[in-house]
Amino acid sequence: MEEIGFLGMGIMGKAMSMNLLRHGFKLTVWNRTLSRCDELVEHGASVGESPAAIIKKCKYTIGMLSDPAAALSVVFDKDGVLEQIGPGKGYIDMSTVDAQTSSKISEAITSKGGYFLEAPVSGSKKPAEDGQLVILAAGEKALYEEVLPAFDVLGKKSFFLGPVGNGAKMKLVVNMVMGSMMNAFSEGLVLADKSGLNSQTLLDVLDLGAIANPMFKLKGPSMIQSSYSPAFPLKHQQKDMRLALALGDENAVPMPVAAAANEAFKKARSMGLGDLDFSAVHETVKGSKSSG
Ligand SMILES: NC(=O)C1=CN([C@@H]2O[C@H](COP(=O)(O)OP(=O)(O)OC[C@H]3O[C@@H](n4cnc5c(N)ncnc54)[C@H](OP(=O)(O)O)[C@@H]3O)[C@@H](O)[C@H]2O)C=CC1
Ligand SMILES: O=CCCC(=O)O
């Protein structure tokens, strides 16, 4: 493939870029906070001075930004993607956003003759480093096929889900389930502890039964230690719960479990835990149990 542009060197963007570099892709990167590009440069990437400059240089550009406001900002603001996008250029937004945000970006890009693909991912920092993400693409099929060599490096499996919006919706459904599970898991850990059970034994029992899953296995031991080094920041999980609940509103789907989980993530943010891993929602349960 030709040189790829990459916007957003956060936890995920950096891990994905490093992986592409390791596999021989030529990369030009940009980040709002420029210093976050340094490590990439040490590993052979070039730096672009703005999203527009990246689009001008590269046939394909990937975005991995925090939320809808950031995804819109790099496209529509001054020196943004829209200033240089046009025929023969493709923009692939891999951020987790809502379908409306994705459609707005898609319409603006295609109206200038460019190609657009949304491609949010399932999987976190480690799968991003190891090329084990699950890619949920939707939009321009021809662009999807052209960038498959990069997706094959970034992920263990890519899905093409049809028109723009379907990737965003699939990702929000998945993260809504994950956020609800994390809250149930946190309550289980605290309940076991407060009722005199051994936490590690609970993890062992869970791991042998029907609800065994990689998330409990990975996060459980550090949650017991109250250690929440961020792989998936809690503030982003709360954003995803909020966007999933809005999708539920649009479709008149009752989601009391997700709504309660969202409240717990909001409580965690109000406790200053937003930049920690989303498993830090555990602290909201520990707090309420010990105060009562
Ligand atoms: N971490 C994870 O496990 C996963 C995250 N995701 C999703 O991927 C996306 C990125 O997540 P992650 O890397 O963890 O997040 P981070 O918070 O680590 O990084 C966010 C990135 O967005 C940039 N950014 C934020 N606001 C703006 C803005 N207004 N203009 C330009 N750039 C901006 C940040 O730039 P700066 O450095 O300047 O702040 C940074 O590059 C999110 O949508 C998240 O929900 C999806 C799957 C897994
Ligand atoms: O959006 C983040 C997903 C994190 C994960 O799948 O482990």
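This passage describes the helices, ligand shells and selected residues of a predicted model.

A convenient place to begin is helix H1, which covers residues 11-22. At 1.5 Å a residue, its 12 residues should span 16 Å, and the 17 Å between its end C-alpha atoms agrees with that expectation. The buried residues of H1 are Met12, Gly13, Lys14, Ala15, Met16, Ser17, Asn19 and Leu20. They are covered by several elements, including strands E1 (4-7) and E2 (27-30) as well as helices H2 (38-42), H6 (125-130) and H7 (141-154). After H1 comes glycine 24, which has a positive phi near 90°.

H1 also takes part in the surroundings of ligand 1. The shell around this ligand holds 27 residues, the closest being Gly10, Arg32, Thr33, Ser124 and Phe232. Two elements, H1 and H4, give two or more residues to this shell. The most comes from H4, with 4 residues. By character, the shell of ligand 1 contains 12 nonpolar, 11 polar and 4 charged residues.

Ligand 2 is surrounded by Thr96, Ser122, Gly123, Ser124, Asn175 and Phe232. Of these residues, 5 are polar and 1 is nonpolar, and no charged residue is found in the shell around ligand 2. Readers comparing the two sites will meet familiar names: Ser124 and Phe232 are listed among the closest residues to ligand 1 and also in the surroundings of ligand 2.

Asn175 leads on to a helix pair, as this residue of H8 is one of those that meet H11. Two packed helices are described by the angle between their axes and the distance between the axes. For H8 (residues 166-194) and H11 (residues 234-250), the angle is about 115° and the axes are 9 Å apart. The crossing of this pair is left-handed. On the H8 side the contact is made by Lys169, Leu172, Val173, Asn175, Met176 and Gly179, while H11 contributes Gln237, Asp240, Met241, Leu243, Ala244 and Leu247. The residues of this contact divide into 7 nonpolar, 3 polar and 2 charged.

Helix H11 itself has 17 residues, and the 24 Å from its first C-alpha to its last is close to the 24 Å expected at 1.5 Å a residue. Its buried residues are Leu234, His236, Gln237, Gln238, Lys239, Asp240, Met241, Leu243 and Ala244. These buried residues pack against H8 and H12.

What phi does alanine 252 take just after H11? The value is positive, at about 50°. Most residues other than glycine have a negative phi, and most peptide bonds are trans. Alanine 252 sits in the loop between H11 and helix H12 (256-270), and it counts as exposed because there are 6 C-beta neighbours inside 10 Å. Aspartate 79, which is not a glycine either, has a positive phi of about 60°. This aspartate belongs to the loop between helix H4 (68-76) and strand E5 (90-93). Aspartate 79 has 15 C-beta neighbours inside 10 Å and so counts as partly exposed.

On the other side of H11, serine 226 lies in the loop that joins helix H10 (214-224) to H11. With 11 C-beta neighbours inside 10 Å, serine 226 counts as exposed. Its C-alpha atom is separated by 34 Å from that of aspartate 249, although the two are 23 residues apart along the chain.

Two buried residues bring together parts of the chain that are separated in sequence. Methionine 182 is in helix H8 and is buried, with 26 other C-beta atoms within 10 Å. Its C-alpha atom lies 8.4 Å from that of methionine 215, 33 residues away in sequence. Leaving aside neighbours within four places in sequence, methionine 182 is in contact with Phe278, Ser279 and Val281. Histidine 282, in turn, is found in helix H13 (residues 282-291). Is histidine 282 buried or exposed? Histidine 282 is buried, since 27 other C-beta atoms lie within 10 Å. Not counting residues up to four places away in sequence, histidine 282 touches Ser186, Leu189 and Met223. For the last of these, the C-alpha atoms are 7.2 Å apart in space, with the two positions 59 residues apart in sequence numbering.

Conventions. Residues numbered from 1 in each chain as written. Chains lettered and ligands numbered in written order. Predicted model: local features only at pLDDT ≥ 70, side-chain atom pairs only at ≥ 80, totals over all residues. Near = placed C-beta within 6 Å. Nonpolar A, V, L, I, M, F, W, Y, C, P; charged D, E, K, R; others polar. Expected span 1.5 Å × (residues − 1). Buried ≥ 20, exposed ≤ 12 C-beta atoms within 10 Å, placed from the backbone. Contact = placed C-beta atoms within 7 Å. Axes fitted to C-alpha atoms, helices over the stretch in contact; angles between N-to-C directions. Left-handed = near helix turned anticlockwise from the far one by under 90°.
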